[in-house]
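Hi,

Here is the structure I promised to pass on. Have a look at it first, and then read my notes below.

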Amino acid sequence: MDGHTTRRTLLTGAAALAAGATASLAGARAARAAAWETVLDGTFASYSTLESNWNYLYPWGSDHNGTARMYGSSSDHNHIYLEGSTLTLLATRINWDEGNSGADPHLPIRYHSGAVHARHQVLVNDTFPNYEVRGEFQAPSSAGTWPAFWLTGVNSWPPESDIVEFKGDARNWFNTYRNENGAWSNTIVPVSSPGSWHEYRAWITKVNATDVDIHYYLDDVWKGAHRGAGFVGQPMWIIYNLQMEGSSGGSGPTTNTYFRARNVYVGRSRA
């Protein structure tokens, strides 16, 4: 589905399903009239294509807030590899002491896994007032697994928007930090068979000089809208990673864990 078709679908869904929440008809008309451009076309055709659009690891390195240390490079595809047009992340349990994560809360490293972040940064402003970020994913949901596809601030935290986040069960957490009250907004949605292919989507639109509204969709069904306070003018990384344990609420598996993605797309309107 191309960006123009998707944009029409999103605008119709936002107006029909979320008019009473945060979307405005005026904003929808403005987005419809704006020029639309694709900035990431969703293909994982080859490693050269992958590496032209994505960097390996987190933007800040190999460690974050769980018990998995990320690996991957142009010469190391043990934990990040292509299967046709699918990008797979693999988490494996280790049986030696590798110390603790260098990131808060400094949990012991018990897994090796994979992460990538897009070279393109999402930046909502007067020039680009609307963004769409979506992809199809097969997500693990067993105890101790913590897969995510998310946006986070380049220069500061917040902002953050979690488009895919499973925390050890079959519920996806659509999260935004922070809202107009300085707190998290969470829309927690049961997902039938998370390990099957599902499409997750965020439609982000500028609503005033400082704030955005983010509409979240699962399989083209609108699930909720959050206000992102202070998101305007703040560049955000796009990250796809398979973290383990941490906020997933339990010990992770001893067998291999897989998180798969395809058709990851990013588009925006140009005012």
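In which strand is the place of Thr152? Thr152 sits in strand β9, and that strand is a handy way into the whole thing. One thing to keep in mind as you read: this is a predicted model.

**Starting from Thr152**

Thr152 has a relative accessibility of 5%, so it counts as buried, the cut-off for that being under 20%. Leaving out residues up to four places away in sequence, Thr152 touches Trp60, Trp157, Pro159, Glu160, Pro235, Met236, Trp237 and Ile239.

The rest of the strand follows suit. β9 covers residues 145-153, and 9 of its 9 residues are buried, so the strand is largely enclosed by the rest of the structure. Both of its faces are covered. On one side you'll find Thr145, Pro147, Phe149, Leu151 and Gly153, and on the other Trp146, Ala148, Trp150 and Thr152, all of them buried.

**Who sits beside β9**

β9 pairs with strand β16 (residues 236-244) in the antiparallel sense, over 9 bridges. If you want a spot to look at there, take Pro147, whose bridge partner in β16 is Leu242.

β9 also runs antiparallel to strand β10 (residues 160-165), with 5 bridges joining the two. In this pair, Leu151 stands opposite Ser161 of β10. The link between β9 and β10 is a hairpin, with 6 residues making the connection.

**The sheet they belong to**

Now zoom out a bit. These strands are part of an open sheet of 7 strands, which goes β2-β7-β16-β9-β10-β11-β12 with antiparallel pairing. The edges are taken by β2 (54-56) and β12; each has a single partner strand, so one side of each is left without a neighbour in the sheet. From one strand to the next, the twist averages 20°.

Towards the β2 end of that order, strand β7 (residues 115-118) pairs with β16, again in the antiparallel sense, over 3 bridges. Val116 is the residue opposite Tyr240 of β16.

At the β12 end, β11 and β12 run antiparallel and are joined by 7 bridges. Phe174 stands opposite Thr187 of β12. These two strands form a hairpin as well, with 6 residues between them, and Gly182 in the turn has a positive phi of about 75°.

Which face of β12 is covered and which is uncovered? The covered one has Ser185, Thr187 and Val189, while the uncovered one has Trp184, Asn186, Ile188 and Pro190. Compare that with β9, where both faces are covered.

**The largest pocket**

Next, the empty space. The largest pocket holds about 470 Å³. It is lined by 22 residues, and those closest to its centre are His64, Asn65, Trp146, Trp150 and Glu160. You've already met Trp146 and Trp150 on one of the faces of β9, and Glu160 as a contact of Thr152.

Which strand gives the most to the lining of the largest pocket? That is β9 again, with 5 residues. At least two lining residues come from each of β9, β10, β11 (171-177), β12 (184-190) and β16. By class, the lining is made up of 8 nonpolar, 10 polar and 4 charged residues.

**Another strand to look at: β5**

Last stop is strand β5, residues 86-93. Here 7 of the 8 residues are buried, so β5 too is largely enclosed by the rest of the structure.

Its pairings go like this:

- Strand β4 (residues 80-83) runs antiparallel to β5, with 4 bridges between them. Leu82 has Leu87 of β5 as its bridge partner. The hairpin of these two strands has 2 residues between them, and Gly84 in it takes a positive phi near 65°.
- Strand β17 (residues 257-270) pairs with β5 in the antiparallel sense over 5 bridges. Leu90 has Tyr258 of β17 as its bridge partner.
- Strand β6 (residues 111-113) pairs with β5, also in the antiparallel sense, over 2 bridges. Arg93 has Tyr111 of β6 as its bridge partner.

If you take a single thing from this email, make it β9: its residues are buried on both faces, and it gives the most to the lining of the largest pocket.

Cheers

Note on methods: Residues are numbered from 1 along each chain as its sequence is written. This is a predicted model: local features need pLDDT of at least 70, side-chain atom pairs count only at pLDDT 80 or more; totals for chains, interfaces and linings use all residues. Side-chain values use heavy atoms; hydrogens and water are left out. Buried means under 20% relative accessible area, exposed over 50%, partly exposed in between (1.4 Å probe, protein chains only). Two strands pair if DSSP finds at least two bridges between them. On a 1 Å grid over the protein atoms alone, a cavity is a set of points where a 1.4 Å probe fits but cannot get out, and a pocket is an open set with protein on both sides within 12 Å along at least five of seven lines; lining residues have an atom within 4 Å of a point. Grid points are joined across faces, edges and corners, and a volume is the space filled by probe spheres set on the points. Ala, Val, Leu, Ile, Met, Phe, Trp, Tyr, Cys and Pro count as nonpolar, Asp, Glu, Lys and Arg as charged, and the others, Gly among them, as polar. Axes are lines fitted to C-alpha atoms, for helices over the stretch in contact, and angles run from 0 to 180 degrees between N-to-C directions. Contact means heavy atoms within 4.5 Å.
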